[in-house]
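Got your viewer open and a hand on the mouse? Load the model below, and let's walk through it one selection at a time.

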Amino acid sequence: MTALSSYSTGTVSVAADGTTVTGVGTIWSGTNVKPGDQFGSGHFSALVVEVVDVTHLTITPWPGSTLSGANYSIWQNYPMRVAGAQAMQSVNDLVAALNTSGFFVFVDVDLTAPDPSLGDDGQYAFQPTTGKTWFKAAGVWTYLGIYKGLNFTGAYNAVTTYSLGDVMSDAGSSYIWINPTPGSGHAAPNPTYWMVNASKGDPGATGGTGAAGTNGTNGAGYGGTSTTSRTIGIGSRAFTTQAGLAYTNGARVRASSAANTANWMEGIATYSGTTLTIDVDRINGSGTLADWNFNVVGQPGAGDLSSANNLSDLANKSTARDNLGVPQTYGQCLLKLSGGNLVLAPFNGNVLTIAGVPQLVPDAGVSLAATGLTPATTYFIYAYMNAGTMTLEASTTGHATSTTAGNKGTEIKIGDNTRTLVGQARPVTGPAWVDSATQAFVLSWFNRGLKGLQNHITATRTVTTTAFSEFNSEVRCEFLTWSDEAVTASVAGSGYTPSSSLAVYIAVAFDNASTPEDGMFAFSEVSATVNTIKPCPATGCRRLSEGYHFATIAGAVDSGGTLNLYFNAASNGKRSGLVVALRG
């Protein structure tokens, strides 16, 4: 009697009362496990409901305790396995007849190796999708390699992914991919990936000389004549001449008088039909003539100037200006505030040197808005050419005097000869440009003019400290200045003290009231003259570092004293203030 077949490769895990069995080392397929077979371990068993994949089964609830890494058996007693015993016996006989060394066990596409339970010694296993082949000996499948037909892919392509058996051609030879791992970007002849299939042959013997061809027709020639009456001079000159000449548009042609070859004119020509037109830029001799001979001539050599070009054909105009002692740096412009924008406008002319080239400042000026700039930041304003259009740029990068040939002496953006300095400006909150009586925040580098600022107090202000301190920040005048310009600030007002026999002091200060300028004014009173209003003519003048500063009024008293800066009314002439003068 034949024993009931079973399958037990690998180990399993399943929870008590669970329905999912997980295998390790198992290869469950529709052949060795089928729904209806019996799953068993120890003294317990359950019915197989579904073969999910090679490592997972679904069963009826497991009646035993939890299993982990346990041995098991699949009893292949599904009724359809044993129904029709005689028929099945016939099938077994048929299988036995096929079960020879020539019969392959086919390996499923999802498997990496044949099922160990399948096949007999001496049989082969084959996976059609990859071409992989195994041989079974002593009950173990041994991998032999990949056996598949060649796949011709055409010319080599570095981005194509090649697999075993792929054939490509390169430089007249063909190669077969031999690496088990598909890949791309590996050009032949790389023996790690390619094996020569067929090498390019040696060049054949040189063939015999062919028969000489027939002579071609003669090509068109230059030359030509014209009886068109034309006056020697600069500009376009059209001549009627012969058709079929060899001139092409852009050739340089000279028209010479047949009677006197010293009379000629030449330039770039265009030719169509019987009309030759010369854009004359060089001439010799004079007169109106009608006996012209044409010839191709060379372009004038370097240093060969034409009076008609007014020196525009100089190879290096900047060097020529240096040699002639002609100024190279021009600043016929003024930076100012107009309509809320900075405007670079023409002034005493309209020429500005940029990158060593004199450029024309447009009549309407060049504008720059404060959009996108940071308030309370000082910017240098540079002019540059943008595709032929003069443009302004605000930058925090400082300036220096150019030493580059052709641009020497021009004040430029540090390290950039294409940017010419034209001024400096400082936006306020908005951002917005401002240039007012209390904030001189727009300066021109060229054609600097005198700027006057003034501010005043809005009430009588008092100082009681022995060290100099600011009466009140409301009186400040803020400004920008160039490092080569002096700034003058003066107190325009009066003061008084209620203190008797104590000295009081008033002075101008830049940026820090505790360190006033020289030129302070001091006075003291006796008891009979206290509170007497007196003029306080303090002045300070010096060069400051380039950029932002402010001027203010500072005061000090002897210990115990008081100094008042006088305010009578909110109108000019009746309140003390500060006056500042600078250039820009």
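How many bridges join E30 to strand E34 (residues 416-425)? Five, and the two strands run antiparallel. Before you click further, some ground rules: this is a predicted model, where local features need pLDDT of at least 70, side-chain atom pairs count only at pLDDT 80 or more, and totals for chains, interfaces and linings use all residues. Residues are numbered from 1 along each chain as its sequence is written, and side-chain values use heavy atoms, with hydrogens and water left out.

**Stop 1: E30 and its partners**

Select residues 379-386, which make up strand E30. The strand labels come from DSSP runs numbered from the N terminus (E for strands of at least two residues; H or I for helices of at least four). Six of the eight residues of E30 are buried, so the strand is largely enclosed by the rest of the structure. Buried here means under 20% relative accessible area, exposed means over 50%, and partly exposed is in between, all with a 1.4 Å probe and protein chains only.

Now add residues 389-395, strand E31, which pairs with E30 in the antiparallel sense over seven bridges. Two strands count as paired if DSSP finds at least two bridges between them. Click on phenylalanine 380: glutamine 424 of E34 stands opposite, and so does serine 395 of E31. E30 and E31 form a hairpin with two residues between them, and alanine 387 in that turn has a positive phi of about 50°.

Step back to alanine 376, in the loop between strand E29 (366-368) and E30. Its phi is also positive, about 65°, although it is not a glycine.

**Stop 2: arginine 419**

Stay on E34 and pick arginine 419. Is this residue buried or exposed? Arginine 419 counts as buried, at 17% relative accessibility. Show its neighbors and you'll find contacts (heavy atoms within 4.5 Å) with Tyr382, Ala383, Tyr384, Glu393, Glu411, Ile412 and Lys413, leaving out residues up to four places away in sequence.

Follow the chain past E34 into the loop that leads to strand E35 (439-440), where proline 431 is found. A cis peptide bond joins glycine 430 to proline 431, with omega about -10°.

**Stop 3: glutamate 485**

Next, select glutamate 485, in the loop between strand E40 (477-481) and strand E41 (486-492). Glutamate 485 is buried, with a relative accessible area of 13%. Its touching residues are Arg448, Arg543, Leu544 and Arg583, again not counting those up to four places away in sequence. With arginine 583 there is a side-chain to side-chain polar contact at 3.5 Å. A polar contact is a pair of N or O atoms within 3.5 Å; within protein, one must be able to donate a hydrogen and the other to accept it, and residues adjacent in sequence count only if both atoms are side-chain atoms.

Arginine 583 is also the bridge partner, in E49, of leucine 450. E37 and E49 pair in the antiparallel sense over seven bridges. E41 pairs with E49 too, antiparallel over five bridges, and there threonine 488 has alanine 581 as its partner.

**Stop 4: the second largest pocket**

Which residues line the second largest pocket? Select Gln454, Asn455, His456, Ala492, Gly493, Asn572, Gly573, Arg575, Ser576, Gly577, Leu578 and Val579. Strand E37 (450-456) and strand E49 (577-583) each supply at least two of them. The pocket holds about 200 Å³ of space.

**Stop 5: two last loops**

Jump to proline 189, in the loop between strand E15 (173-177) and strand E16 (194-198). Alanine 188 is joined to proline 189 by a cis peptide bond, with omega about 0°.

Finish at alanine 138, in the loop between strand E11 (132-137) and strand E12 (140-146). Its phi is near 55°, a positive value in a residue other than glycine. Alanine 138 counts as exposed, at 71% relative accessibility.

**Pocket terms, for reference**

On a 1 Å grid over the protein atoms alone, a pocket is an open set of points with protein on both sides within 12 Å along at least five of seven lines, whereas a cavity is a set where a 1.4 Å probe fits but cannot get out; lining residues have an atom within 4 Å of a point. Grid points are joined across faces, edges and corners, and a volume is the space filled by probe spheres set on the points.
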